[in-house]
Every structure is written in structure tokens, then in C-alpha cells.
Amino acid sequence: MDARAVITALRDGRPVPAGGIEWFAQGLATGAVSDAQAGAFAMAVCLRGLGGAGRVALTRAMRDSGDVLAWDLPGPVVDKHSTGGVGDVISLLLAPALAGCGVYVPMISGRGLGHTGGTLDKLEAIPGYRVEVAEDRLRAVVRDVGCAIVGATGRIAPADKRLYAIRDVTGTVESVDLITASILSKKLAAGLQALVLDVKVGSGAFLPGADQAQALARALVETANGAGCRTSALITDMDQPLARTAGNALEVAEAMDTLTGRRVTPRLRDLTVALGAEVLALCGAAPDAAAGGRAVAAALDSGRAAERFGRMVAALGGPADFADRWADHLPAAPVVRDVFADAPGHVAAIDTRAVGLAVVALGGGRQRESDRVDPRVGFSGLAGLGARADAPLGRVHAATEADAEAAAAALRAAYRIGGGTVPADLVQDRVG
Ligand code: URA
């Protein structure tokens, strides 16, 4: 196969020669395809699209460019993927809650991207927790505990790793086809029977518009099902931070408060139940979503989910008593300040992306790939849409006084104070 035959067919909107997409994906992984050819391929897909069958072919081929896990476990293997947002700590609740329902969750997660937080960065706030583990360790933890949240090894979907880096520098990130194949190739390499997708919409979403979220959700669901994994998506609100905190250790603490029932954040619990309900029904572990939701709620209320989380942390190198004494283990920032609004009124709108960027500026995310993340910093007690603005808008946790001052100004600028508003429903739509 000649890479030019694949690229020119895509460029001209003609059918790609048989086996061309598969050959191209393999060539990305082996190096048979050059950077220039990969960039031209990405641009052709960006401009002309792949179509449904082409998207499935690219997803499967990128999945198969590296290791694909096969499991021999006494229950279904499932996962969740979120398109990312601010205060989105659902993975830390959902993985152990699902494990507490008798299904297995090898959750291969990512780091923060742009203004969005990353599950691996959050878990690394836990002293000793190792996100980079070999495949046999991942297998052992999933078998013994029911869930393991870890990073991808270099052997998972190497074609995506290369194409993603090239997209990043060729203006070809924003393609629904390429985003779909990128996300799903990594997720499906974990050998899943069912997958639920949390596609965010609103000011803190990666693709903020409702039409974009719908298009991405449809493409993801059709492609994953086409590749043999039962999948549905919920489109969920990101017009305000999902949790009351944003920042790595702060979000872990809020997840623990909700997991253990000590201080529940309703939006975290409700979305955990809604997503868990979907995936339990998809994999057949529950007769329908209503029964799935009851099972997830019972795993949370009984303490089973918290217990699984504690076992996962210990198995991956963290403190053995984390689920009981997380506050003693999580690092805390030296400077903590309340942030008040400039004017009275109610919270009328939140630029959620700006809140996420303020966390990055505090050091809670990366501006360059080589940056070290400070797990201590961020915001807590974030006011939600419609809240009265005479209470603090939030509390900044910073490494220095100067950082705290800059973050307070950024938070004030991200909040529009006015006559208040009725927040959108948390779950706005279902695609499946
Ligand atoms: N996340 C991914 O893994 N890939 C994309 O292309 C976008 C978001």
C-alpha cells in the first residue's frame, strides 16, 4: 500500500482502497508512515470526514495497533469515559461503585488537557499511588479489587499516541471523526463489553455547543457499537463546575466525602448513579437502567464503594487506611483565602473554562507538557449557578499569597453576578 493512495482518496472524497485505513493505522504505529503523511491524513479527514464505516475502521485499526486486553473474569468488564470538564471527579466514585456491583472496571485514564482536570493527576495527589503500572499489575488489581484506575502503557493504541501528537501541531484536533477514533481506540483496547460515555456540554466542555456535543455523542456511540462494544452516552451539564471543588487533592477529598456519605455532593452522587445505571444495563448486570441505578446507589450507601476505593488505593501503592483517614494523607496548600464577589446579587453565569484555567495557573494543571502539577492548589466551596453572591464565591488554595490574589481575581472574573438563573438539568440527553 502507498500512503498517498489513502491520503488522496480521502482528500478527493473517493472510497479509500480496501485495507487502506488499517494499513495507515499500522503504519502510524510502526513508523512506515511519515509525520508529513500523518499530518496530511489528519487534515484530509478533518476537511472531508471519514463516514460511519471509515470511522469504525480507523477506531478498530488504532485499537489493534497495540495490545488489546482479554479477560477471564466471573463478571462483565465495563468502563466510563468523560469528554472532560472542571470538577469532574466521577471516575473516583463510579469505578469502585461498579466494582461493588460485581462488574470489573479496568479504567485507563488520562491527565489534564487544557482547562480540564485529569483523573491521573487527581489520583497522584494520594501519596504513593502509582498510575503507571505494568499490565500484569493492572490485571491483578482488577481481578482482586474489581477496579483499577491507571494510565495507558506505551503499548495501548500506539497509533493514537503518534497521531494525537501530530494533530496537536497541525490544527487537526477539532475533528469529530479523529476525536472519536482517538478516544475509543484507547478505551476499547481495555477489552470492554460495555462503555458509557459522559459527553459534556456548556462553558466548561471541550466542545461547548449543544450541537457539537450531540454530534460527538452520536459519533462515539455509533462507532463504539460498530466496533462491537455496547455503548450509550449521557450529555451532561458543564455550564458550572461539576463538583464544589476544582483542583487535585481538593477533588479527591470531595469524592471521599461523597463516597463515604460523610458530606454528599448531590451532583456527584446523581451523575455517578446515572452513568452507572446505563453501563450496568448495557452489560446485562442489571435488567434495566432503573435497576442499575438502584444497584449503584446501594453500593454507595452500604459503604461497599468506599471500601473498594480504599482497597484499590492500597493495591496501587497508596496508604492502607486512605478510605478512613484521607484528610490526614492529602497535601494541603499553605495559603487559603475566601473570595467574595464585587457586587451583590446572584450567580447568573459561570465561565467554567476560565475556572479550570485559573486552577492551571495556580499550578494545578500543566501549561507545558514538562510542568509539574501542584496537587494542593485549586478552589473549594465553589458557588453554583443561582447562589447568592453575598456568601463567598469560593475559597482559593494557593502556594503563595501572590498566586492566591491572581486566582481570586480570575474567579471573580469567571463569575457573572446578576439576577440569578435556573441551572440546566445535570443530565440533558441520552444517546444510545
Ligand atoms: N481526548 C482524546 O483522547 N483524544 C482526542 O482527540 C480528544 C480528547
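**Exercise 1.** Which pocket is the space taken by the ligand? Find the residues and elements around the ligand.

*Solution.* Keep in mind that this is a predicted model. Start with the space itself: the ligand takes up the largest pocket. Next, look at which elements give two or more residues to the shell around the ligand: these are helix H8 (158-168) and helix H9 (176-188). H9 gives the most, with four residues. Now go residue by residue, and you'll find Tyr164, Arg167, Ile179, Ser182, Ile183, Lys186 and Phe206 around the ligand. Finally, sort the shell by character: four residues are nonpolar, one is polar and two are charged.

**Exercise 2.** Work out which side chains put an N or O atom within 3.5 Å of an N or O atom of the ligand, taking Arg167, Ser182 and Lys186 in turn.

*Solution.* Begin with Arg167: an N or O atom in its side chain is 2.9 Å from a ligand oxygen. Move on to Ser182, where the partner is a nitrogen atom of the ligand, 2.6 Å from a side-chain N or O atom. Then check Lys186, whose side chain has an N or O atom 2.5 Å from an oxygen of the ligand. As a last step, turn to cover: on its own the ligand has 240 Å² of accessible area, and the protein covers 87% of that.

**Exercise 3.** Why does the radius of gyration of the protein agree with that of a compact globule?

*Solution.* First, take the rule: for 432 residues, a compact globule would come out near 22 Å. Then compare: the protein has 21 Å, so the two agree. For the outline, the C-alpha atoms fill a box of roughly 65 × 45 × 40 Å along the principal axes. Inside the protein, you can count 17 helices and eleven strands.

Technical notes. Residues are numbered from 1 along each chain as its sequence is written. This is a predicted model: local features need pLDDT of at least 70, side-chain atom pairs count only at pLDDT 80 or more; totals for chains, interfaces and linings use all residues. Side-chain values use heavy atoms; hydrogens and water are left out. A residue is near a molecule or strand if one of its heavy atoms lies within 4 Å of it. A polar contact is a pair of N or O atoms within 3.5 Å; within protein, one must be able to donate a hydrogen and the other to accept it, and residues adjacent in sequence count only if both atoms are side-chain atoms. Accessible areas come from the Shrake-Rupley method with a 1.4 Å probe; for residues, only the protein chains shown count as cover. On a 1 Å grid over the protein atoms alone, a cavity is a set of points where a 1.4 Å probe fits but cannot get out, and a pocket is an open set with protein on both sides within 12 Å along at least five of seven lines; lining residues have an atom within 4 Å of a point. A molecule sits in a cavity or pocket if more than half of its atoms lie within 2 Å of its grid points. Ala, Val, Leu, Ile, Met, Phe, Trp, Tyr, Cys and Pro count as nonpolar, Asp, Glu, Lys and Arg as charged, and the others, Gly among them, as polar. The radius of gyration is taken over C-alpha atoms; the globule rule is 2.2 Å times the number of residues to the power 0.38.
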